Amino acid sequence: MFTANTTLMLVATFLPLLGALVLLLVPKDQRRFFEIGSLLVMIVSLLLSLPFWFGYDRASDAVQWAGAWSWIPALGVKFSVGMDGISLLLWLLTTFIGPIAIACSFGSIEERHKEYYIWMLVLQTAMLGVFITQDMFLFYLFWEVMLVPMYFLIGIWGGPQKLYAAIKLFLYTLAGSVLMLVALLAIYFLQHKATGSYDFSLASFQAMAPVIAQQSKTYQHLMVLAFFVGFAIKVPMFPFHTWLPDAHVQAPTAGSVILAAILLKMGTYGFVRFLLPILPTATKELMPWFIGLSLIGIIYGALVAMIQKDMKKLVAYSSVSHLGLCMLGIFALNPYGIKGGLFQMLNHGISTSGLFLAVGIVYERRHTRMIADFGGLSKTMPVYATIFMIMTMSSIGLPVLNGFIGEGVILMGAFQAFPWAAVVATLGIILGAAYMLWMFQRVMFGPISPVNEKMADLNLREVLYFAPLVAAAFWIGLYPKPIMDVMDAPVRKLVEQITPGFHAAQALAAKQAVAAKLGMQGMTAPAHHEGVPAGHETAVAPAHETPAHGGGH
Amino acid sequence: MTTTMTADMTLVHAATTAASQPGSLLWLIPFLPLFGFLINGLSGRKLKSNAIVDTLALGSVGVAFLLTLYYFIQLMGLPAEGRSIHQSLWTWFDIGGAQVMGGLTTYKIEWAYKFDVLSACMALLVTGAGFLIHLFSTGYMAEERNDGRYYRFMAYMNLFVFSMLNLVLGANIMMMFLGWEGVGLCSYLLIGFYFDKESAAIAGKKAFVTNRIGDFGFMIGFFLIFQVFGSLDYDTLMGSVREVANMKAITLYGHTASPTWWFNLIGCCLFVGAMGKSAQIPLYVWLPDAMAGPTPVSALIHAATMVTSGLYMITRLNFIYVNAPMALAVVLAFGSLTAFVAATMGLAQYDIKKVLAYSTVSQLGFMFMGMGAGAFGAGMFHVFTHAFFKASLFLGSGAVIAACHHEQDMRNMGGLKKLMPITAMSMILATFAIAGIFPFSGFFSKDEILWKVFNGWYQHGHYNGPTLNLVAWILGMLGAFCTAFYMTRLIAMTFYGEYRGAGHDPHGLTVPSEAHGHGDDHGQDDHGHALAHDAQGHDAHAAHDHGPTEVSWRMWLPVATLAGLAVVGGFLNYPESLHRILPIVPADLFNKWIEPLLYQVAPVAHGEHIPPAIEYGLMAWATLVWAPGAMLLAWWIYKVDPTWSRAKAFVTRFPNLFRWVNAKYYVDEFYEWALINPIKRFSAQLWSFDTWVVDGMVNGAARVTLTWASLMNWVDEYLVDGAVDLTEYIVQETSGVFRSLQSGRVQHYAFVMFIGFLVFAFWKFLV
């Protein structure tokens, strides 16, 4: 029953929606019931999603657990689902964040509990749906449906300017989606012209890449721009980012967490899933602009974050910076860059969620998020300080924690493709350390005021919802290989789609193995080795099948 | 955590020396302190007894030291060409393919350790000095033992040792970078240990951010290495570097240049990283501020181990630098400049720890000078001797500070030699060592460096332009003079004369103490007066009234041990020239030990050979005239005249010179003015830009839409709807006309028909 298959995938995806329907029937004064009930639903959904981690065939780049049912045959729309490694990771991230988002709401949501938890569950299904769909129509449906619960979460349970923020979020991202829809329909009709059939499936869209490449430059560039703006608003990339700080600041903690961890990933996911495979040539042509915007985002987001007085706004602008880095990696179009970008999505989901949760903790206790109102909290809240420190370090990319894996790999990938951009991006990590540590110092260190002295340290529930994030941060930091393995085949396929023949270059592994074998002996001047001419040290090394270590395999 | 050792290592052909041997317990060396950190850090608050914390912290580092020693002995048994033991734990990164020079690399970054001639020495230093400093801490942090912060301190110290061991034992550059960042984190945590003191927290942040600037260069450097070599593994790099260096040209990113050009670029980038971590001009500013941390931290991190990471990195990657003459010249230039400038800053400091801090910066400059002159062995050797004497001096100063009730200003000390003889004796010996007096260790290491620099000039060496070497040598000699001067000044002010702390101050030398105001490095006013050493059994107030006494064995033993090493350590690298005079001491032990790791170039025909007379002459000059001269000068100013009138006269005579030196040439202020404030201002401007322009466009679009909508509303209300109303009105009005037309009379109809016919005909006629 609990083996990874299409049915289980659909169950895990739609379970939250089902839970929401059940909760609808419960009288609205049963606060505890909604809290525990929705948490249980999320946890069960998480547990149901776990078999997919183990059942995923890492060697294959195909869409796994695929299933399709005819839906609107006249339009070529199918209810078509399935996942590859890239979607799997984001899907798992969603089921992972779900229970945390619910658990952190227990203390902060004071009114209209029934609606709140129902909307959270609906949102969860919409988000999970985006990652499993293999049909563009269905994708667009989930993509849009997702906005509705988010709109209500911010608009009802948000801060003082909640309506402004909610409407801004809704309209701004809707504008992007509509552009994306136009591009989708354009490809849809082009496909009809080319093949004579109507088909909304993702595979058929990706198969259109060569046909699109033969269209006029203007057509291609317009398509790229339509996709780009649609996704860039969602990411958000500079200059489409201004909805984000407002939405984050006004949203309840759980809203911020989901917004940062999952919703923003829709944009980056869109780039990886649609823009790059469908329009590789045209994307490459416009690449300098995209790189420029990513770099501006990295530096600009970091600089603006530096002088924020509101902790939540600071974290929100840091998101702009981090996602700029993520986009830079993806636009590097090589395995390092794309894998790093995917890692950055996961890492940002973990560390930024952690930071938003941490801000939520002090907000619940003091009802303020202004940095100036705090100071010296380490003294009375040591557990909180430790967790906040770990999340801060993860966010600024300290090795052993997850952030480094993403940032380091992205920068290496970007450096392979465009070194100057990577140099500028690397400057951004200096600023990253500056603004995060400056905030940490002002909030956590220094003398403590009497008001803050009364603040209680984390309780068990709070520790429990931080714990998975901390564990994940260390796991990814120490042993990211399993995750890298999951994304390996799909990324390989993607890179080949973008740059055919990338992996066909001459392999250096054997040569490196020989060099590794030689090791320190390569330091000796050639004259010491009689009969071995310079530059031919390979002759010194004994021939062995496996290198001792390092080297490559 | 199994070793992924492959069996083929045992099959290595008997005729060939294996480049590396497996070592299955190697991982324990770094991980033991990690376990200490984890246990203490996670459960330290609940542990009732500090003895358990001590046992775990000291035990883990101590056992790691013994294990290091075990492997060191094993290493000595191996042939010189194959002195390397390695262990690979797991694959850390497996990122896939990358297109680098020559093709596609699928390099996987292993979590692996490599114990070879260089890392063995560094690991011995880290665990050995680390253990002694941990022991010192148990005495020094006596106050913290009772207020629940002690476990945290010890845990951080263990974490530091873990990170530092990763730095030196890592088998690839990524592992080094892991340790590199890890020690940065620990430094941040430990500098800011008294975080309730604002200045300590700020100093911690400053250290981290400044180091990040260095990391920027380091990262670019190793990205370039990866582009050229397709690997970050030391063995692979070492095995392939000669082939790369002998290439005609290297083309990367469409730019073709000689390997030397690329190696120069890599070397300069990496040196930026070294500048940050090893506190060289212009990134040294964090180190003096880092003295806000507890004194054992200053000894361990900011004198003996972490700040030498840059030196370690350059020696580890010496194969890059040997092939990069420009990069070496840059190292030499910055090193000598730092050696001199920082030494002058040390001349005018009154805070005992600040003197030592600038001294450390200056000594690190000397080490870089050695590297820049191509003498990696000499530079590395100075790392070790410096670790001995500077750690001893720092710990000694910690003992003094503790004994003087957290007083750090030397003007408020004096006469401590009689009161704490062991500490005083140790520090005096260490001072002889740092000043470079024969036969103390500093003589062998520092003199060797200066000699190599001079030699490079004299021989028209192939590393650098000769002029630079000469300038560097002169700066180095001046720096050495300042070093001997300020160290003797420190000793004279602290240990000689009379104790000025207890209100006894005949010459008016003391200044209002900061220790009683906002606290010293212990930063806690509620405990500020308590005596740090534990074994005396005094209660705090009694101790305060008594004045300084010798500290407990937990504190003086490490100081004395390190001072002892500082005295004899130099003989490990006894110069060849002296070996000829006194053959009983083996020559160049350390140089020979480390030589297999150094990239050898085929000997190039040098200019004239340097006559031995010059070598002996310079040696004698340095140790018999130059350094003793500086020491005597300081002695004459600060000891012979107890009123320090000569120093005061000098300050009166040259007030601006003193002000500039005392204010450290206003470098911090300059950075604040030229870098930090503009960035903050720019950030503020960007934020306004974000709010008013970027978001303004969004809100503007919304406003335009709303305005348009209300316009449309108006149009709808008055024009569209009005048009409807108008039509209705017109219909109503015209219907009246038509009603009147519909009269029922035939004449009317006939008339209308006729008119209609005329109009029709006329129209037809026209068309």
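Colleague: How many residues does each chain bring to the contact?

Modeller: In this predicted model, chain A brings 79 residues and chain B brings 86.

Colleague: Which helices and strands of chain B supply at least two residues of that side?

Modeller: Among the strands there are β2 (84–93), β3 (98–100), β4 (103–105) and β5 (109–116) of chain B. The helices are α5 (173–191), α6 (198–229), α7 (234–245) and α27 (667–741) of chain B.

Colleague: And which one gives the most?

Modeller: That is α6(B), with 14 residues on the side of chain B that touches chain A.

Colleague: How does that side split by class?

Modeller: The side of chain B that touches chain A has 18 charged, 27 polar and 41 nonpolar residues.

Colleague: Let's stay with chain B. How many helices and strands does it have?

Modeller: Chain B has 28 helices and seven strands. It has 767 residues, and 56% of them count as buried. For contacts in chain B with a separation of 6 or more, 79% come from residues 24 or more positions apart.

Colleague: I was looking at α24(B). Where is its kink centred?

Modeller: The kink in α24 (residues 612–640) of chain B is centred on A622(B), and the angle is about 35°.

Colleague: Is A622(B) buried or exposed?

Modeller: A622(B) is one of the buried residues of α24(B). The others are T623(B), A627(B), A630(B), M631(B), A634(B), I637(B) and Y638(B).

Colleague: Over to chain A, then. What pLDDT does it average?

Modeller: The average for chain A is 87, and 95% of its residues score at least 70.

Colleague: Where does pLDDT stay under 50 in chain A?

Modeller: Over residues 528–553 of chain A. The model has 66 contacts beyond four places in sequence for that stretch.

Colleague: How do α3(A) and α23(A) cross?

Modeller: The axes of α3 (residues 85–103) and α23 (residues 481–498) of chain A come within 7 Å and cross at roughly 140°. The two helices are therefore oblique to each other.

Colleague: Which residues meet there?

Modeller: From α3(A) you have G85(A), I86(A), L88(A) and L89(A). They meet I483(A), V486(A), M487(A), A489(A) and P490(A) in α23(A). By class, the residues of this contact are eight nonpolar and one polar, with no charged ones.

Colleague: New topic: backbone oddities. Which residues does a cis peptide bond join in chain A?

Modeller: F238(A) and P239(A), with omega about 0°. P239(A) sits in the loop between α10 (217–234) and α11 (243–250) of chain A.

Colleague: And which residues does one join in chain B?

Modeller: There, a cis peptide bond links F438(B) to P439(B), and omega is about 0°. You can find P439(B) in the loop between α17 (421–435) and α18 (441–458) of chain B.

Colleague: What about R112(A), what is its phi?

Modeller: Phi of R112(A) is positive, about 50°, although the residue is not a glycine. R112(A) belongs to the loop between α3 and α4 (113–132) of chain A. With 14 other C-beta atoms within 10 Å, R112(A) is partly exposed.

Colleague: Last one: what is phi of Y253(B)?

Modeller: Phi of Y253(B) is near 55°, again a positive value in a residue other than glycine. Y253(B) is in the loop between β6 (250–252) and β7 (255–257) of chain B.

Colleague: Is Y253(B) buried or exposed?

Modeller: Y253(B) is exposed, because it has 12 other C-beta atoms within 10 Å, and a residue counts as exposed at 12 or fewer.

Conventions
Residues numbered from 1 in each chain as written. Chains lettered and ligands numbered in written order. Predicted model: local features only at pLDDT ≥ 70, side-chain atom pairs only at ≥ 80, totals over all residues. Contact = placed C-beta atoms within 7 Å. Helix = DSSP H or I, 4+ residues; strand = E, 2+ residues; numbered from the N terminus. Nonpolar A, V, L, I, M, F, W, Y, C, P; charged D, E, K, R; others polar. pLDDT = per-residue confidence, 0-100. Bend = angle between axes of the 7 residues up to and from the residue. Buried ≥ 20, exposed ≤ 12 C-beta atoms within 10 Å, placed from the backbone. Axes fitted to C-alpha atoms, helices over the stretch in contact; angles between N-to-C directions. Parallel < 35°, antiparallel > 145°, perpendicular 65-115°, else oblique.
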